[in-house]
Amino acid sequence: MAVRAERLASVDQDVESDADDENPGPSTSKKQKMSAKSVGAAKYRTKFQKEWLKVYPFVQEVKDNPHKFLCNICMRQVACDHQGKHDIERHMEKAMHQANVKQMKGQTTLGFQVESSPINEQVIRAEVKVAHMLAQHNVPLSLADELTPLFHDIFPDSDIAKNFSSRRTKTACILNGAIAPVLQQNLVNTMKTCPFTLAIDGSTDTGVEKMNPLTVRIFNAEYAMNYALKNLPINDPMLINATFVNYDTKDDATFSQVEYFVQRFGELLPFTPARELELLQEEFTDYQLLMHDAIPSDVWNKAVTDEDEHTTYHRMDIVWHHLSSLKAPDGNPHFNRLSKIAKVVLVIPHSNAQEERIFSMVRKNKTCFRPNLDPKGTLSSILTVKLATKQECHQYEPTKEVLNKAKSAIWEYNKQHHNQ
């Protein structure tokens, strides 16, 4: 602001000095005044200053727009490019902000038992299970406002019900800070040991903010076989050529099946040059010449998925994981190229139906009655819970890690809002 004042003062002095000249032209003076006004208005815009946080702790910097601030009380972005911190004071005087401040002051902190005792552990477990149930069944979190007094009324003899205190804010806190993060970490841990594919698509809802969910699809032997036999197009050329990865029937495979995937996925499998194809064919020949006992018995036992009187079925991802680790006499991977093709085959997604189901879940939760669910916060946590949960909600048992994270999330929420 001081720089702006100096610039304007300098322009005003120039105008005054010209006015002292003999016979000044009126048109010249008018142009200079217009120039002074246009230069000052167009060139100087106040940016958010971090020292304002000391005076106004409820505001926050907007990373992609330095000329605005975020009011954490109103959850709105407000321009500060006109008068700087005076714009914050003007926002504070508005009726909407004052009403939000009044509402926030009337809120109590989330119920949190500092002391560790059996009853407190059972209460936090109950609150986590209720939050999980609401997310799993697309139920508005506002229902939690009614559940707390309802439990107090219908279970007067229960110490857990008496101490149960989880309304919509605390429920969202548990979802965002405990259940969803643990489920996401479990997913990451599974991805480290199992084959998976990634898929992304854009949402079609009418909101301003669009979701682009990243879907992880993991191979699960428990469901894969029955689902594949029921739904996959068995006569599709890709599936027919994919049979070369089956170690038990490798003698019937042909090199043309391998070439099919090299041609189809050339960007992932850069083996089209003549020399690369020659080396790839050598690896394929060695693969067909391998004996059954070339793979250790513990690998075969680990790979078993089902067996009957005549046949034992194995997971080929485990078999190929072992094959990819075999070394040639020169110390290089024996099946370097062929194992990469096999891994691509084993993780090929058969459809994008799962991504479309996610958008259906979004529409069921982000309705006209619940338009403010944060795509990066509560809405994302709800989808995580729904996708990661296979059992009925009453069968869900939160782990010790979830319970500890729930306590931490509640404590952090109280700390942040108490400071405001």
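**Exercises on a predicted model**

In this predicted model, C71 stands opposite R76 in strand β3.

**Exercise 1.** Work out which strands form the hairpin and how many residues lie between them.

*Solution.* Begin with strand β2, residues 68-71, and strand β3, residues 76-79, which run antiparallel and are joined by four bridges. Next, look at the connection, where β2 and β3 form a hairpin with four residues between them. Finally, look within the turn, where M75 has a positive phi of about 55°.

**Exercise 2.** Describe the geometry of the aromatic pair formed by F151 and F164, and decide whether F151 is buried or exposed.

*Solution.* The structure holds 13 aromatic pairs, and in the one formed by F151 and F164 the centres are 5.1 Å apart with 75° between the planes. Because planes over 60 degrees apart count as edge-to-face, this pair is edge-to-face. F151 lies in helix α7 and F164 in the loop between α8 and α9, so the pair ties together parts that are 13 residues apart in sequence. For the last step, buried means under 20% relative accessible area, so F151 at 18% counts as buried, and F164 at 2% is buried as well.

**Exercise 3.** Find where Y287 and F335 lie in the chain, and how their rings are arranged.

*Solution.* Y287 and F335 form an edge-to-face pair, 6.5 Å centre to centre with 80° between the planes. Y287 is in helix α13, whereas F335 is in the loop between α15 and α16, 48 residues apart. Y287 has a relative accessible area of 0% and is therefore buried, and F335 is likewise buried at 0%.

Conventions:
Residues are numbered from 1 along each chain as its sequence is written. This is a predicted model: local features need pLDDT of at least 70, side-chain atom pairs count only at pLDDT 80 or more; totals for chains, interfaces and linings use all residues. Side-chain values use heavy atoms; hydrogens and water are left out. Two strands pair if DSSP finds at least two bridges between them. Helices (H or I, at least four residues) and strands (E, at least two) are DSSP runs, numbered from the N terminus. Rings of Phe, Tyr and Trp (its six-membered ring) pair if their centres lie within 6.5 Å; planes under 30 degrees apart count as stacked, over 60 as edge-to-face and the rest as tilted. Buried means under 20% relative accessible area, exposed over 50%, partly exposed in between (1.4 Å probe, protein chains only).
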